[in-house]
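Colleague: I am still learning to read models of this kind, and I would like a close look at one part rather than a tour of everything. Could you choose a part, go through its surroundings slowly, and explain each term as you reach it?

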Amino acid sequence: MEDRDVVQWLCEELSAGGARDRDMGELEALVDRRTLEIRRQVLQRLVQDEADRTEFGCPVCGEKLSMVHRGRQRTVASTVGPVSFARDYGHCGRCESHAAPADAALGLHGRASASPRLQEICALTVLHGPAGRAAEDVRRLAGVGVCASTLHREGFRQGERALELRERDIRRAETPEGAALLAAEARAAPGDATLIIEIDAWNIRERDNWGLTEAVREAGGDTGRWHWVYTGTVFRLDQSGTTQSGRAVVTDRGYVATRAGIEAFERQMHVEALRRGLLQAETVLVLGDGAVWIWNLAARRFGRASQRIDLFHVKQHLWELAAKLHGKGTPEAELWIQPYLRWLERRKNGALDIIESLEQLQLRTDADGAEAIARELGYFREHCGRMDYKAAKAEGQPCGSGAIESTCSQYQRRFKLTGQFWSLEGDEAFLALVTLHRNGRWHQLFPHNLN
Ligand SMILES: [Zn+2]
């Protein structure tokens with residue numbers, strides 16, 4: 001039978017079934033519905049053929065399995081409805097484990113309740129919204145009903161796969177050969193390339209007593225906990241620019257986000273920097289706010305990098321001192337701060353001039369003021385080596401860590417939407433999933449669409 005015979009037959013079927021005087025949207029839905037069962041049966045038969053062709057060997061070691069259950073049924077939800085197939089289930093004497101080789105050949109994890117394509121749709125929709133709302137989106141997009149708990153489970157399972165990939169890359173970075181492999185992923189760079197690494201942290205609120213929430217709240221207890229999410233972004237200066245409307249754009253940019261602690265973050269940041277050209281870059285620059293862990297990390301992991309403290313944070317310190325000495329928002333405060341702001345941005349080593357000026361001022365001020373000045377002097381003395389904004393501007397480098405701050409707020413927006421669905425472990429898995437997607441590596445989880 002030719003394709004056109006099938007088409008002819010379907011058109012006649014649909015016309016007879018009332019496919020007249022409908023708009024295109026209705027026709028699309030009609031074709032979808034009418035062919036759904038046909039497509040489901042085709043998929044089911046092809047899956048069964050594939051299962052029948054699979055050799056009965058251990059998916060891990062290849063050893064022939066001993067039969068435990070012949071023709072055991074498995075049903076998987078797909079974009080065309082439930083698909084059932086029979087496959088043999090056996091035992092490997094060498095690995096001392098059970099396996100259904102057909103599952104492995106079909107790319108179906110033992111715990112997967114959905115087909116790979118449906119898994120992908122579930123994971124993509126939960127990236128953008130809570131599972132409850134995503135269920136309705138999936139129903140409209142894929143035409144199949146998936147309940148919120150399935151979506152949640154799939155999102156979590158894909159998150160775990162993303163975590164595994166992350167772990168694999170961290171192990172890779174520990175050997176010179178592995179690091180070279182990661183570095184080979186970096187795009188070709190000009191000889192004088194500058195790599196920018198921006199680092200920050202934000203808080204995530206955790207509901208680790210889900211289910212008890214109401215009872216705990218009634219008892220007056222705290223139902224949430226705060227956790228730090230360490231976040232970084234890395235990009236090459238020559239791949240960033242601004243749009244006509246002045247918005248900053250970076251064509252190729254890597255992200256890291258984890259709540260597994262500073263050490264874990266440091267290793268992940270290193271991996272991502274390798275992939276974005278750490279070894280090829282002539283200049284490496286780390287940007288952050290005043291947090292001491294950032295500079296310790298930079299010194300440990302990116303020893304040859306220059307360090308720069310976010311200009312906005314430095315200005316805030318000056319404004320606070322201005323308010324302390326001359327009153328918040330007064331013309332005197334405004335007048336007092338102006339030369340400092342100018343020196344900071346326009347003078348080479350402007351921070352040293354500020355220190356000198358503040359030292360003199362300290363001697364002429366009352367005890368209260370002198371104490372405030374002493375505090376800020378400590379800040380400027382500690383960070384003055386990270387304040388060369390004049391040189392930064394001359395080199396076209398960023399003076400602030402705006403890129404990472406906007407990254408953090410994007411993550412935060414999504415995580416405020418997660419509601420009560422994500423458990424303790426879930427948050428890290430979900431962070432890994434969101435980050436893998438942001439890094440443009442979605443195909444590592446779902447390679448099917450590449451063909
Ligand atoms: Zn085996």
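Modeller: What follows is a walk around helix H6 and then outwards to other places in the chain.

This is a predicted model, in which local features need pLDDT of at least 70 and side-chain atom pairs count only at pLDDT 80 or more, while totals for chains, interfaces and linings use all residues. Residues are numbered from 1 along each chain as its sequence is written.

Helix H6 covers residues 148-173; the names follow DSSP runs numbered from the N terminus, helices being H or I runs of at least four residues and strands E runs of at least two. Helix H5, residues 131-142, packs on H6 at an angle of about 105 degrees, and the axes of the two are 8 Å apart (axes are lines fitted to C-alpha atoms, for helices over the stretch in contact, and angles run from 0 to 180 degrees between N-to-C directions). That angle makes H5 roughly perpendicular to H6, since 65 to 115 degrees counts as roughly perpendicular, under 35 as roughly parallel, over 145 as roughly antiparallel and the rest as oblique. On the H5 side the contact is made by Ala131, Gly132, Ala134, Ala135 and Val138, and on the H6 side by Ala148, Leu151, His152 and Gly155, where contact means that the C-beta atoms of two residues, placed from the backbone, lie within 7 Å. Sorted by class, the residues of this contact of H5 with H6 are six nonpolar, three polar and no charged (Ala, Val, Leu, Ile, Met, Phe, Trp, Tyr, Cys and Pro count as nonpolar, Asp, Glu, Lys and Arg as charged, and the others, Gly among them, as polar).

Gly145 lies in the loop between H5 and H6, and with 12 C-beta neighbours inside 10 Å Gly145 counts as exposed (exposed means 12 or fewer other C-beta atoms within 10 Å, buried means 20 or more, and partly exposed is in between, with C-beta atoms placed from the backbone). The C-alpha atoms of Gly145 and Val249, which are 104 residues apart along the chain, are separated by 38 Å.

The next partner of H6 is helix H7, residues 176-183: the two pack at an angle of about 120 degrees with their axes 6 Å apart. This angle makes H6 oblique to H7. Here Asp169, Arg172 and Ala173 of H6 meet Gly178, Ala179, Leu181 and Leu182 of H7, and this contact of H6 with H7 has four nonpolar, one polar and two charged residues.

Now consider the interior. The largest nonpolar core has 74 residues, of which Cys122 and Ile197 touch the most other members; such a core is a set of buried Ala, Val, Leu, Ile, Met, Phe, Trp, Tyr and Cys residues joined through C-beta atoms within 7 Å. Helix H17, residues 424-438, gives this core its largest share, seven residues. Leaving aside neighbours within four places in sequence, Cys122 is in contact with Ala114, Val138, Val146, Leu151, Glu154 and Gly155. Apart from this core lies another, of 14 residues, among them Ile309, Leu321, Ala351 and Tyr389.

On a wider scale, the chain is divided into domain 1 (3-110), domain 2 (117-184 + 424-451), domain 3 (190-309) and domain 4 (312-391), with bounds that come from an automatic or database domain assignment. Domain 2 places 14 residues in contact with 18 residues of domain 3. H6, H7 and H17 each supply at least two residues of the side of domain 2 that touches domain 3, and H17 gives the most to that side, with six residues. By class, that side of domain 2 has seven nonpolar, two polar and five charged residues.

For contrast, here are two places elsewhere in the chain. Arg386 is found in the loop between helix H14 (367-383) and helix H15 (389-395), and with 20 C-beta neighbours inside 10 Å Arg386 counts as buried. Not counting residues up to four places away in sequence, Arg386 touches Gln307, Arg308 and Ile309. Asn349 is 37 residues from Arg386 in sequence and 9.9 Å from it in space, C-alpha to C-alpha. Asn349 lies in the loop between helix H12 (331-346) and helix H13 (350-363), has a positive phi of about 55 degrees although it is not a glycine, and is partly exposed, with 15 other C-beta atoms within 10 Å.
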